Structures are given as structure tokens and as C-alpha cells.
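Me: Could you take me through one part of this structure slowly, strand by strand? I am in my first year, so please explain the terms as you go.

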Amino acid sequence: MQREDSRNPVEGYCIQILFINGKVCDDLSQKSFYIENISKGGFRFISSIELEEEDRIQVLLRFPDGRSQEVYGRICYCDESVAGPSNAYGFCIIDGFYSLFPRQTGKA
């Protein structure tokens, strides 16, 4: 199966985890986890916390330009081959479409 969304390597994008499986994560909401790549359908992020495939997670996605948006999704894979004590997780969007680029507003 081929991936339909193109993934873009990114700098400056990060998430804060707000809820895992409906439980508030006050301790994690104060930490930032950096995103390796992102597409319209999801992203890959690095974390030292242990998550399980199919965990339902609500995150605050922070953009490099200062914007942020809450997004709800699930962990679709875990790659344990990352160096050090961290894992790379695939996050698939369930609710909360986001745009990688800010909308242009203004009068023509």
C-alpha cells in the first residue's frame, strides 16, 4: 500500500499532549515533543514517553509562526529504532484538519 499524502520534513513544529485515551495529561501538556515530518493526514513525532498503537490522543499542534491548533488522532505505529531512549510515533488525524501554511488574508 502506498502513502497518498506527501510527507514534508519540518523544523519548528511541535506538539503538547493534552489527553491520552480521554485522561487529562497535565504533566505532558507542559512538555514539547518535536515533529519530524508532517502531512495533511498526520505526522511523526519523537517522544520518550511510552504510547501504544491505537491510543487516542488530543494534542496542541504548534506551528513555527506562533499559531496553534488542537487536533485529535490515534497512534498508528511506533518505531523503536530511534537512537536513545526515545521512540518515533505515527499520529493519524481523526478530527481537526489543519493547514501547513497560514491563510492569506487581506483585501485585493
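Reply: Buried residues, meaning those under 20% relative accessible area (exposed is over 50%, partly exposed in between, with a 1.4 Å probe and protein chains only), make up 39% of the 108 residues in the chain. This is a predicted model, where local features need pLDDT of at least 70 and side-chain atom pairs count only at pLDDT 80 or more, while totals for chains, interfaces and linings use all residues. Residues are numbered from 1 along each chain as its sequence is written, and side-chain values use heavy atoms, leaving out hydrogens and water.

The chain has eight strands and zero helices; these are DSSP runs numbered from the N terminus, with strands (E) of at least two residues and helices (H or I) of at least four.

Let's look closely at β6, residues 56-62. Strands pair if DSSP finds at least two bridges between them. On one side, six bridges join β6 to β2 (residues 14-20), and the two run antiparallel. Seven bridges join β6 to β7 (residues 68-79), again antiparallel.

Follow Q58 to see both pairings: F19 stands opposite Q58 in β6, and in β7 the bridge partner of Q58 is Y72. Between β6 and β7 lie five residues, making a hairpin. In that turn, G66 has a positive phi of about 100°.

One last stop is in β2, which covers residues 14-20: C14 counts as buried because its relative accessibility is 8%. A search of the whole structure finds zero disulfides, a disulfide being a pair of cysteine sulfur atoms within 2.5 Å.
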